[in-house]
Amino acid sequence: MHQGMRKKLVSKLREKGIHDEAVLDAINRVPRHLFMDSSFLKFAYIDQAFPIAEGQTISQPYTVAKQTELLGIQPHMKVLEIGTGSGYQAAVLATMGARVYTMERIRNLFINVQVYLKKMNLNIQFFYGDGYKGLPAFAPFDRILITAAIPEIPELLLCQLVIGGILVAPTGSANAQTMTRIIRTGEKSFKSSHHGYFVFVPMRKGKA
Ligand code: SAH
C-alpha cells in the first residue's frame, strides 16, 4: 500500500518540476511514514510538511526533492546536513549513496531519530550540536545542506566546503525564504543563485 502511495507522490513531484531521476528514485524508496507519528500515517505521502516533536517539522516532500536536486548528489559524496529533524532528508541523501553527517541542536530529536534510523542501516552519522558552527573536525564536505531558515549563510560553513562544492540553504526573513545555492568556485570565491520561495522553521543558535 505504501509503495503505491509513494509512486503517486513521485508523479506529483515530477509534475511540479523535479527531473533528477536519482532524487525521484530515492523518494520512491524511502518509507516516509516511518519518520512520522503512526497516527498521521495517511498524511505521509501527500506533498505537505508535517509537525514532528519539539515544535519542529518534517519538510514537504517537494522541498526535500528540490533541495536535493539543487545539491547534485553523486554516490560517495560527503554531505553535511544541518537540522536532522525527523531524519527523512538524511535518509533520502544516504539512499542516493551519500555519506551523511547530520547535526541537530535539540537533544530529544537527536536521540529519537537514531532509534528508528539506525535500523535502516544507512550511511548516516548523527551529531548533537549547533549547526552554525558546522563540523570543522570532519570538513571539508562536498555538499552542505541547511534545512532551517537562516538570515544569511555563515562564512564558517562556507569554508567547510571543498572547492567546487555546493551549499544549499533557505535564506531570508522568518516569514519566507529564498532557496539559495552557493558554489565554491575558488579558495575565496563563491557564486550564488536563487531558486524560488519556501518557508522553514528558523535556525536557532546554541543547543537545547
Ligand atoms: N531535515 C529535516 C527538517 C528539519 S526542520 C527533516 O527531514 O525532517 C529543521 C530542524 O533544524 C529542526 O529539527 C531544528 O531543531 C533544527 N535546527 C534549528 N537550528 C539548528 C542549529 N543551529 N543546528 C542544528 N539544527 C538546528
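Student: Where is P140?
Tutor: P140 sits in the loop between β5 and β6. Keep in mind that this is a predicted model.

Student: OK, and what kind of peptide bond joins A139 and P140?
Tutor: A cis one, with omega at about 5°. For background, most peptide bonds are trans.

Student: What about E54, what is its phi near?
Tutor: Phi of E54 is near 60°, so to speak a positive value in a residue other than glycine. In general, most residues other than glycine have a negative phi.

Student: And which loop is E54 found in?
Tutor: The one between β1 (50-51) and β2 (57-58).

Student: Let's zoom out. How many helices and strands are in the chain?
Tutor: Six helices and nine strands. The chain's radius of gyration is 16 Å, close to the 17 Å that the globule rule gives for 208 residues, so the chain is as compact as a globular protein of that length. Along its principal axes, the C-alpha trace spans about 50 × 35 × 35 Å.

Student: What's the strand order in the open sheet?
Tutor: Going across its seven strands, the order is β5-β4-β3-β6-β7-β8-β9, and the pairing is mixed. At the edges you have β5 (124-128) and β9 (190-198); each has a single partner strand, so one side of each is left without a neighbour in the sheet.

Student: How much are neighbouring strands turned against each other?
Tutor: By 15° on average, ignoring direction.

Student: Pick a pair for me. Are β3 and β4 parallel or antiparallel?
Tutor: Strand β3 (residues 78-82) pairs with β4 (residues 99-104) in the parallel sense, over five bridges. If you want a spot to look at, K78 has R99 in β4 as its bridge partner.

Student: Which strands does helix α3 lie across?
Tutor: Helix α3 (residues 61-71) lies across β6 (141-146), β7 (161-172), β8 (177-184) and β9. Relative to β7, α3 runs at about 150°.

Student: And α5, which strands does that helix lie across?
Tutor: Those are β4 and β5. Helix α5 covers residues 107-117 and runs at about 160° to β5.

Student: Switching to the ligand: how many residues surround it, and which are closest?
Tutor: There are 28 around the ligand, and the closest are G83, S86, E104, G131 and R204.

Student: What does S86 do there, distance-wise? How far is its polar side-chain atom from the ligand oxygen?
Tutor: 2.6 Å separates a polar side-chain atom of S86 from an oxygen atom of the ligand. For E104, an N or O atom in the side chain is 2.6 Å from a ligand oxygen. With Q89 the backbone is involved: a polar backbone atom there is 3.0 Å from an oxygen atom of the ligand.

Student: How much of the ligand's accessible area does the protein cover?
Tutor: The protein covers 99% of the 580 Å² that the ligand has on its own.

Definitions and conventions. Residues are numbered from 1 along each chain as its sequence is written. This is a predicted model: local features need pLDDT of at least 70, side-chain atom pairs count only at pLDDT 80 or more; totals for chains, interfaces and linings use all residues. Side-chain values use heavy atoms; hydrogens and water are left out. Two strands pair if DSSP finds at least two bridges between them. Helices (H or I, at least four residues) and strands (E, at least two) are DSSP runs, numbered from the N terminus. Axes are lines fitted to C-alpha atoms, for helices over the stretch in contact, and angles run from 0 to 180 degrees between N-to-C directions. Contact means heavy atoms within 4.5 Å. A residue is near a molecule or strand if one of its heavy atoms lies within 4 Å of it. A polar contact is a pair of N or O atoms within 3.5 Å; within protein, one must be able to donate a hydrogen and the other to accept it, and residues adjacent in sequence count only if both atoms are side-chain atoms. Accessible areas come from the Shrake-Rupley method with a 1.4 Å probe; for residues, only the protein chains shown count as cover. The radius of gyration is taken over C-alpha atoms; the globule rule is 2.2 Å times the number of residues to the power 0.38.
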